[in-house]
Each structure stands twice: as structure tokens, then as C-alpha cells.
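The following note sets out a short series of numbered points for a reader who is new to protein structure. Please keep the sequence and the model in view while reading.

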Amino acid sequence: MNKKDPSTVEIAPLRSFDDFLFDSARFQIPNFKDLEKWGNRVSSNLLYYQTNYLLLAACIFVVVGVIHPVKMICGCIATGLIIGIFVYLSNEKATAANVKHHPIMTLIVLFGLIYFVAYMFQSVLVFFLGLLLPISVSFLHASLRLRNMKNKIANKVEFLGLKRTPMGIFLEQMGLEGDIF
């Protein structure tokens with residue numbers, strides 16, 4: 001069999017809502033004692049339902065954003081600023097020079113940043129809720145959803161390299177590509 005060009009990435013099809021949640025869907029609590037089997041189920045479901053999970057994540061993020069729009073925007077901005085400041089401060093030369101030449105100003109900026117983080121903490125929490133709730137819901141679904149024959153066939157095609165999808169690439173980068181079968 002010829003493998004496709006590795007640079008070609010295909011979007012997995014959107015699975016039916018019936019298959020994803022309702023009539024034909026079968027759910028069961030995983031065996032927590034057999035972590036390998038549970039991991040295989042999660043990886044397989046992440047591959048098979050990846051487009052559904054992306055749509056679900058977008059919907060949950062939007063719902064959290066609609067419920068708390070100002071906190072969501074402020075949390076996003078605050079998180080971006082905090083990350084930007086940490087990146088700037090990770091440059092040891094600039095940080096050492098500023099501390100040495102401007103110790104009072106550095107102390108004022110440090111206390112200002114601590115106050116800013118404390119003031120924006122609730123908004124940052126709402127922003128992270130918007131990010132982490134979809135991940136948690138997707139993981140919960142992938143853990144509970146039993147695989148069906150279509151799921152197994154689609155995952156074999158992905159594993160053989162006949163089709164490369166974003167979730168397949170992500171799982172490959174996480175070192176889980178060969179563990180799911």
C-alpha cells in the first residue's frame with residue numbers, strides 16, 4: 001500500500017449526533033485497573049470523534065464567553081500579558097540589568113504585577129474554565145464511549161498512514177501513535 005504524503009493533513013468527518021451521543025452510542029465506565037485498555041479507548045475515540053470534539057469545544061468556549069463576556073475577554077488579555085511578561089523576564093540579561101540599575105522601579109513593577117494578577121484572578125479563572133472545560137468533557141466522553149466497528153476501522157486507516165488527521169498528529173507527538181491498537 002502506498003502511504004500518502006506526510007505533509008497532507010485531512011480533516012476527519014463529523015460523526016452523526018446519533019453515533020456521538022444517542023441511540024447507537026454505548027457508554028460504560030472504564031476498568032481503572034487496566035490503564036492500557038482505558039488509554040486505547042481514549043486514544044481511539046479521540047481519533048474517531050476529533051471533529052465532534054472540536055465542535056463541542058468551540059460551543060462550550062462560546063457558551064462560557066456568552067455567560068461571562070467581559071471576564072472572558074479580560075482573562076484572555078490578562079493571560080496574554082502575564083505570558084508576555086514572563087517571556088520578557090526570562091531574558092536574564094535584561095532582567096539583571098534592570099534590577100541592578102533600577103531596584104526601586106523593579107520593586108514597584110513587581111508589586112504592580114502581583115496586584116494586577118490578584119485583581120484579574122477571577123477573569124483568568126473564567127478564561128481557563130473556557131479552555132479546560134471542553135478538554136475535560138472531551139476526555140470524559142472518550143473515556144466512557146465504547147468503540148464500534150467503524151471506529152476501529154477508521155483508526156486502523158489512520159495508524160497505517162493512509163490518512164493523517166490533526167488529532168493523529170497530536171497523538172503522534174505525544175508518543176501515543178503506536179499504542180492504540
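1. Overall fold. The protein chain contains 9 helices and 0 strands. Its pattern, read along the sequence, is therefore written with helices alone, as α-α-α-α-α-α-α-α-α. The model is a predicted one, and the remarks below should be read with that in mind.

2. Burial and contacts of the chain. The protein chain has 181 residues, of which 28% count as buried. Among contacts between residues at least 6 apart in sequence, 82% join residues at least 24 apart.

3. The largest nonpolar core. Which residues form the largest nonpolar core? This core has 10 residues, namely F20, V42, L46, L47, Y48, Y49, Y53, A142, M167 and L171. At least two of its residues come from helix 2 (35-48), and at least two come from helix 9 (166-173). The element that gives the most to this core is helix 2, with 4 residues.

4. A second core. Separate from the largest core is a second one of 5 residues. Its members include V64, M72, V126 and F127.

5. Packing of helix 3 against helix 7. Two packed helices are described by the angle between their axes and the distance between the axes. For helix 3 (residues 50-67) and helix 7 (residues 121-144), the angle is about 145° and the axes are 9 Å apart. The crossing of this pair is right-handed.

6. The residues at this contact. On the side of helix 3, the residues that take part are Y53, L56, A57, I60, F61 and V64. They meet V126, F127, L129, G130, L131, L133, P134, V137, S138, H141 and A142 in helix 7. What is the chemical character of the residues in this contact? The contact of helix 3 with helix 7 comprises 14 nonpolar residues, 3 polar residues and no charged ones. Some names recur from the earlier points: Y53 and A142 belong to the largest core, while V64, V126 and F127 belong to the second.

7. L129 as an example. L129 is placed in helix 7. Is L129 buried or partly exposed? Its relative accessible area is 42%, so L129 is classed as partly exposed. Leaving aside neighbours within four places in sequence, L129 is in contact with V64 and P134. L129 and I60 are 69 residues apart in sequence, and their C-alpha atoms are 9.6 Å apart in space.

8. R164 in a loop. Where does R164 lie? R164 is found in the loop between helix 8 (149-160) and helix 9. R164 counts as partly exposed because its relative accessibility is 22%, and the cut-off for buried is under 20%. Along the chain, R164 and A12 are 152 residues apart, yet their C-alpha atoms are separated by 8.8 Å.

9. Cysteines. A disulfide is a covalent bond between the sulfur atoms of two cysteines. How many disulfides does the structure hold? The number is 0. C74 is in no disulfide, and its nearest cysteine sulfur, that of C76, is 10.0 Å away. C76 is likewise in no disulfide, with the sulfur of C74 as its nearest cysteine sulfur. A disulfide would require the two sulfur atoms to lie within 2.5 Å, which is why this pair does not qualify. C74 is partly exposed, at a relative accessible area of 26%, and C76 is also partly exposed, at 41%.

Key. Residues numbered from 1 in each chain as written. Predicted model: local features only at pLDDT ≥ 70, side-chain atom pairs only at ≥ 80, totals over all residues. Heavy atoms only, no water. Buried < 20%, exposed > 50% of the residue type's maximum accessible area, 1.4 Å probe, protein only. Core = buried A, V, L, I, M, F, W, Y, C linked by side-chain atoms within 4.5 Å. Axes fitted to C-alpha atoms, helices over the stretch in contact; angles between N-to-C directions. Left-handed = near helix turned anticlockwise from the far one by under 90°. Contact = heavy atoms within 4.5 Å. Nonpolar A, V, L, I, M, F, W, Y, C, P; charged D, E, K, R; others polar.
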